[in-house]
Amino acid sequence: MVEAHDHICWGGGHRHDKAHSLELRGICAGYGAGQDALSDISFRAQCGQRVALIGPNGAGKSTLLNVLAGLLTPRSGQVLWNGKPLHDTPHEIAFMPQRSEVNWAFPITVRQLVEMGRYPALGNWKAMRQHDRDIVDKSLKTLNLMHLQHRQIGALSGGQQQRAFLARALAQEAHILLLDEPFTGLDMPGVESLGQLLYSLSDEGRLVIASHHDLATVPSLFDRAVLLNTQLIAVGNAGDVLTEEQICRTFGRNYRFRP
């Protein structure tokens with residue numbers, strides 16, 4: 001768990017200000033010449049929040065994360081960070097993909113993975129300076145991974161793998177953490193541990209946005225929720241938007257959910 005004195009941002013003018021705002025204006029996005037996976041998505045979030053993206057399979061959750069991460073250019077609309085195009089400052093964003101999309105057999109150690117978080121800040125020669133090594137060390141210590149730093153990532157448990165990718169995000173000194181189904185495959189202790197970590201990171205001032213499928217755990221893990229199914233259904237406090245009416249609008253009338 002990240003304590004107040006473990007703030008990761010050193011130097012370089014970095015500061016996590018809870019007034020920092022992310023705004024989506026009329027985002028439409030899709031793949032190829034097919035139908036839009038997202039249509040006219042608009043909402044605002046700010047640093048210090050943990051935002052859950054909620055919707056059925058195919059609702060556009062991963063598409064939205066790809067747009068925010070700069071991996072997919074929207075067909076129309078804007079993504080603004082403090083009033084300016086978000087991707088003018090790509091170092092502000094860290095993306096953690098689904099575990100199923102990672103090649104865990106790739107021969108890379110935990111430390112090498114975390115060092116990748118420093119690449120956007122390095123010069124043309126990509127040479128690690130002492131400052132960069134210090135940030136990597138502190139990221140590993142904060143996520144309790146120092147004793148695993150030389151272990152191959154495929155040899156870690158599911159929870160340890162998630163922590164390794166979060167350590168990479170911390171090393172990047174990003175304000176916005178984008179997580180695609182981070183709790184999938186974790187047992188209950190792993191869910192609780194990762195939930196506490198995300199709470200600490202948002203409390204420190206980062207904006208956490210994660211796709212999530214377990215409606216029952218949304219209020220305990222997130223303070224905001226975005227319900228979508230191609231279009232925006234609702235956005236607001238997690239405990240307020242998960243009403244029977246909104247859930248039915250998102251998942252269909254045959255869906256049964258009791259919080």
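**Exercise 1. Decide whether His-212 is buried or exposed, and find its surroundings.**

Solution. His-212 has 3% relative accessibility, so it counts as buried (buried is under 20% relative accessible area, exposed over 50%, partly exposed in between, with a 1.4 Å probe and protein chains only). Next, place it: His-212 sits in the loop between β8 (207-211) and α6 (218-221). Helices are DSSP runs of H or I with at least four residues, strands are E runs of at least two, and both are numbered from the N terminus. Then list contacts, meaning heavy atoms within 4.5 Å. Leaving out residues up to four places away in sequence, His-212 touches Leu-53, Ile-54, Glu-181, Phe-183, Thr-217, Val-218, Leu-221 and Phe-222. Last, its side chain reaches the backbone oxygen of Asp-214 at 3.2 Å.

The model is predicted: local features need pLDDT of at least 70, side-chain atom pairs count only at pLDDT 80 or more, and totals for chains, interfaces and linings use all residues. Residues are numbered from 1 along each chain as its sequence is written, and side-chain values use heavy atoms, with hydrogens and water left out.

**Exercise 2. Describe the setting of Ala-210.**

Solution. Ala-210 belongs to strand β8. Its relative accessible area is 0%, so Ala-210 is buried. Not counting residues up to four places away in sequence, Ala-210 touches Val-51, Ala-52, Leu-53, Leu-179, Pro-182 and Phe-222. Now compare positions along the chain: Ala-210 and Arg-50 are 160 residues apart, yet their C-alpha atoms are separated by 7.8 Å.

**Exercise 3. Work out the strand order of the open sheet and name its edges.**

Solution. Six strands line up as β6-β7-β8-β3-β9-β10, with mixed pairing (two strands pair if DSSP finds at least two bridges between them). β6 (93-96) and β10 (231-237) are the edges: each has a single partner strand, so one side of each lacks a neighbour in the sheet. Take one pair in detail. β6 and β7 (residues 176-180) run parallel over four bridges. Ala-94 has Leu-177 in β7 as its bridge partner.

**Exercise 4. State how helices α4 and α5 pack, and which residues meet.**

Solution. Start with geometry. α4 (residues 158-172) and α5 (residues 188-204) pack at about 10°, with axes 12 Å apart. Axes are lines fitted to C-alpha atoms, for helices over the stretch in contact, and angles run from 0 to 180 degrees between N-to-C directions. So α4 is roughly parallel to α5 (angles under 35 degrees). Now the residues: Arg-163, Leu-166 and Leu-170 in α4 meet Leu-194, Leu-197, Leu-198 and Leu-201 in α5.

Key:
Parallel < 35°, antiparallel > 145°, perpendicular 65-115°, else oblique. Polar contact = N/O pair within 3.5 Å; in protein donor to acceptor, adjacent residues only side chain to side chain.
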